[in-house]
Amino acid sequence: MELSRRDFLKSSAAAAAFAAAGAAALSPLRPKDAAAAESGITWGKAPCRFCGTGCGVLVGVKNGRIVATKGDPQAPVNRGLNCIKGYFLSKVLYGTDRLTKPLIRKGDTMVEASWDEAMTLIASKFKEAIAKHGPDSVAMYGSGQWTVFEGYAASKLFKGGIGTNNIEPNARLCMASAVTGLMTTFASDEPMGCYDDLDLGDTYFLWGANMAECHPILFSRMIDNRLKNPKVRIIDFATRHTRTSQMADQYVRFAPQTDLALLNAIAHVIIRDKLYDEQFIKEHVVFKRGKENIGYGLEDNFKFADEPKLIGFDEYAAFLKPYTPEYVATISGVPATTIVELAHLYADKKRKVTSLWTMGFNQHTRGTWVNNLVYNVHLLTGKICKPGENPMSLTGQPSACGTTREVGTFTHRLPADMVVTNPEHREKTAKIWGVDPKKIPAKPTYNATEMFRALDRGDIKVVWVQVTNPFQSLPNLSRYRTGARKGDGRFVIVSDIYPTRSTELADVILPSASWVEKEGVFGNAERRTQQWFKLVDAPGEARSDLWQTMELARRLGHGNLFPYKQVEPEMWEEYRKFNEGQGKDLAPYATYATTRGLRWPVVNGKETLWRYAEGHDPYVKQGEGIKFYKNKPDHYKAVIWARPYEPAPEVPDRQYPFWLCTGRVLEHWHTGTMTGRVPELKRAYPAAVCEMHPDDAKLLGVQNLQNVKISSRRGSIVLPVELNGRSKAEKGNIFVAFFDEGKLINELCIDAYCPISGEPDFKKCAVKIEKA
Ligand code: SF4
């Protein structure tokens with residue numbers, strides 16, 4: 001398929017959105033008109049506000065207002081291009097209903113208040129709950145859209161000040177399985193590769209990733225590579241036919257959950273046909289097997305601890321024996337010949353293979369396992385830590401990596417991969433924070449789902465939500481929405497820039513500054529740290545989440561945690577101490593102000609493109625080749641895991657015969673609170689639809705755009721069916737996007753999660769469908 005990068009972006013749904021914007025908005029400006037139109041505009045740099053790709057944008061400001069944005073030609077990630085959301089960045093902050101004043105609930109109405117009144121009330125609720133019920137009765141639920149400073153301050157206040165591990169990010173819903181996959185295999189979070197692999201490889205396996213819509217700029221880099229190199233092949237493993245499948249060289253449809261079996265079958269063939277790299281395995285790999293039949297986290301306060309045991313190559317090969325291509329074909333629907341052919345493609349010594357995945361793997365009740373299994377294939381074949389040859393989980397949010405994973409804003413984590421359960425890690429953290437090590441509790445408390453279960457039960461009394469919208473995005477949503485308004489001392493604070501389905505349940509709403517209305521740092525999916533300065537004022541009385549957190553700290557008597565005169569630079573230098581010498585080194589703050597980001601570890605001013613590899617990673621000495629230097633307990637080797645196929649907790653049956661999968665579309669960001677306020681994006685994709693296979697529609701007696709009622713064991717929703725849209729559902733499967741705040745599809749989703757990562761599965765539950 002001969003499509004250039006720009007052609008791809010034009011031919012994607014961007015074209016539809018621009019069409020919706022109207023011809024006038026599209027009229028190309030002649031150069032002299034363009035120069036005139038730009039007069040008086042000053043330009044600043046920033047990473048895009050939306051996805052984890054981390055595109056660089058130039059932000060045009062005139063008279064204190066953002067008037068334009070454009071792709072930054074100097075940004076190595078996107079080289080001047082943006083996707084449709086990036087092109088409309090200038091409008092996301094200027095919806096007519098921006099929150100500009102704090103609001104306090106009085107009965108059924110929200111009443112304007114001063115910051116002092118709002119913060120006094122919030123502080124009193126925190127103090128009251130802590131005095132009556134202890135520090136674990138208060139909680140913070142944050143976000144992969146937090147800046148590094150906001151996440152760092154929240155973690156420091158809750159763990160080092162209040163003395164509770166009740167802090168979680170919404171990244172638990174999107175990236176947690178990638179974290180546990182990396183930690184269990186390499187003992188270090190974040191990928192070994194980088195986006196350059198998209199330019200340098202020749203064989204791309206996509207697993208559960210609709211990159212064309214959800215990571216369009218990265219997809220366009222791959223397409224560009226294929227245009228230049230006819231050898232490039234893109235194989236799309238998926239459960240529905242998407243824009244990505246259309247552009248791929250091969251679409252391999254598999255039955256939901258059977259990715260586990262397929263990856264084991266690929267490993268089976270690699271071993272059976274002796275395609276593995278014996279030397280690499282000998283030097284760099286150990287084998288382990290953990291617990292099996294590990295449950296699904298459906299019960300409140302579910303607990304799980306794995307018990308890994310070392311095994312040998314022969315035991316691993318014996319474990320794989322049942323995963324013959326013929327057997328796996330019967331459960332996955334992928335022909336045995338295709339499995340064999342693709343296993344050989346993975347192992348082909350003349351090919352540079354990169355695997356990419358997103359929520360299909362991570363939002364999975366066996367998310368950690370499926371991440372382990374894709375690493376297995378790369379470790380068996382030795383195709384790892386080399387230019388063009390790496391496995392990589394693509395991040396959803398702009399700083400899911402930089403803030404939630406690297407700063408460590410999960411209940412169990414501390415900065416730089418440290419954990420609260422380790423006394424040395426607590427000691428080091430306390431020293432940098434200047435607090436008593438006993439202040440940081442040794443036990444993690446709740447993952448995101450359990451946090452909202454605890455609110456529902458009343459074990460958590462006060463929860464503060466920042467930069468996210470849990471009462472639209474959690475699975476089994478009705479339980480958690482009801483729980484938030486049960487009263488009996490529960491108190492919900494939501495900081496946001498617009499009214500959302502979460503602010504409607506709040507007792508206090510705080511108006512936040514967003515993106516370039518404040519200074520910040522984001523870390524993207526390739527370990528790139530990007531900084532920006534404040535470029536415009538926030539509207540009305542809106543203030544940054546960082547200020548809000550530090551103000552609560554001051555009112556709770558923890559103001560000494562934030563003694564900075566110049567907050568961002570000083571906080572950065574403090575945070576950097578966690579990373580120094582840990583294989584995660586960051587540059588001084590000033591360096592980021594003048595670059596388009598750097599990929600850590602940054603040592604002597606030099607970034608690292610490929611980790612663990614001699615000649616690229618400063619932590620690997622001459623002559624060491626590849627060294628997984630973070631995994632000391634396993635003698636600096638990576639782990640190949642024997643992980644079985646286990647079915648999903650809920651599968652279609654006679655009563656609920658369809659699989660429901662939820663996800664994103666190109667035009668909208670997550671719950672649509674920002675993109676829904678950009679008229680062009682809203683017009684291009686106004687409301688959620690139910691993608692359905694035409695044969696299923698025929699059996700149900702419904703036609704395109706007729707309404708159906710979709711019901712799961714947890715809720716129902718009415719939506720129009722779409723039979724011939726941009727994506728095509730397979731028979732027995734439907735897909736619904738979750739951006740539409742008028743149609744809360746997540747009410748239907750099951751709140752089962754991976755017992756190791758705690759990440760829920762939004763991709764699989766059973767539903768029935770009736771004509772509405
Ligand atoms: S691909 Fe992601 S980061 Fe890049 S412009 Fe689009 S939304 Fe922004």
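**Figure 1. The ligand takes up the second largest cavity.** This view, like those that follow, comes from a predicted model. Cysteines in the shell around the ligand include Cys48, Cys51, Cys55 and Cys83. Phe50, Thr53 and Gly54 also belong to this shell. Asn82, Lys85 and Gly86 are further members, as is Ile217. By class, six of the surrounding residues are nonpolar, four are polar and one is charged.

**Figure 2. Residues 41-97 carry a domain annotation in UniProt.** The feature reads "domain: 4Fe-4S Mo/W bis-MGD-type" and comes from an unreviewed entry. Helix makes up 14% of this stretch, and strand 35%. The C-alpha atoms at its two ends are 26 Å apart.

**Figure 3. Strand S9 pairs with S8 and with S11.** S9 covers residues 233-238. Five of its six residues are buried, so the strand is largely enclosed by the rest of the structure. Strand S8, residues 203-207, runs parallel to S9 and is joined to it by five bridges. Within this pair, phenylalanine 205 faces isoleucine 235 of S9. Strand S11, residues 250-253, is also parallel to S9, with four bridges between them. Here aspartate 236 is set opposite tyrosine 251 of S11.

**Figure 4. Strand S25 pairs with S26 and with S29.** S25 spans residues 707-711, and S26 spans residues 716-722. The two are antiparallel and share five bridges. Together they make a hairpin, with four residues between the strands. Valine 708 has leucine 719 in S26 as its bridge partner. S29 also pairs with S25 in the antiparallel sense, over four bridges. In that pair, lysine 709 is opposite glutamate 770 of S29.

**Figure 5. Phenylalanine 738 sits in the loop between strands S28 and S29.** UniProt lists Phe738 under "binding site", in an unreviewed entry. S28 covers 733-737, and S29 covers 765-771. Is phenylalanine 738 buried or exposed? Its relative accessibility is 15%, so the residue counts as buried. The cut-off for buried is under 20%.

**Figure 6. A cis peptide bond links tryptophan 600 to proline 601.** Omega is near 0 degrees at this bond. Most peptide bonds are trans. Proline 601 belongs to the loop between strand S21 (598-599) and strand S22 (638-642).

**Figure 7. Asparagine 301 has a positive phi.** The angle is about 60 degrees, and the residue is not a glycine. Most residues other than glycine have a negative phi. Asparagine 301 is part of the loop between strand S12 (285-289) and strand S13 (309-311). Its relative accessible area is 36%, so asparagine 301 is classed as partly exposed.

**Figure 8. Aspartate 417 also has a positive phi.** The value is near 70 degrees, in a residue other than glycine. The loop that holds aspartate 417 lies between helix H21 (400-408) and helix H22 (423-433). What is the relative accessible area of aspartate 417? It is 10%, so this residue is buried.

**Figure 9. Leucine 394 lies in the loop between strand S15 and helix H21.** S15 covers residues 391-393. Leucine 394 has a relative accessibility of 1%, so it counts as buried. Which distances separate leucine 394 from threonine 368? In sequence the two are 26 residues apart. In space they are 15 Å apart, C-alpha to C-alpha.

**Figure 10. Tyrosine 195 is in the loop between helices H9 and H10.** H9 spans 176-186, and H10 spans 197-200. Tyrosine 195 has a relative accessible area of 1%, so it is buried. Where does lysine 352 stand relative to tyrosine 195? Along the chain, 157 residues separate the pair. Their C-alpha atoms are 14 Å apart in space.

Technical notes
Residues are numbered from 1 along each chain as its sequence is written. This is a predicted model: local features need pLDDT of at least 70, side-chain atom pairs count only at pLDDT 80 or more; totals for chains, interfaces and linings use all residues. Side-chain values use heavy atoms; hydrogens and water are left out. Buried means under 20% relative accessible area, exposed over 50%, partly exposed in between (1.4 Å probe, protein chains only). Two strands pair if DSSP finds at least two bridges between them. UniProt positions are given in the numbering used here, feature names are shortened, and annotations may be inferred rather than shown by experiment. A residue is near a molecule or strand if one of its heavy atoms lies within 4 Å of it. On a 1 Å grid over the protein atoms alone, a cavity is a set of points where a 1.4 Å probe fits but cannot get out, and a pocket is an open set with protein on both sides within 12 Å along at least five of seven lines; lining residues have an atom within 4 Å of a point. A molecule sits in a cavity or pocket if more than half of its atoms lie within 2 Å of its grid points. Ala, Val, Leu, Ile, Met, Phe, Trp, Tyr, Cys and Pro count as nonpolar, Asp, Glu, Lys and Arg as charged, and the others, Gly among them, as polar.
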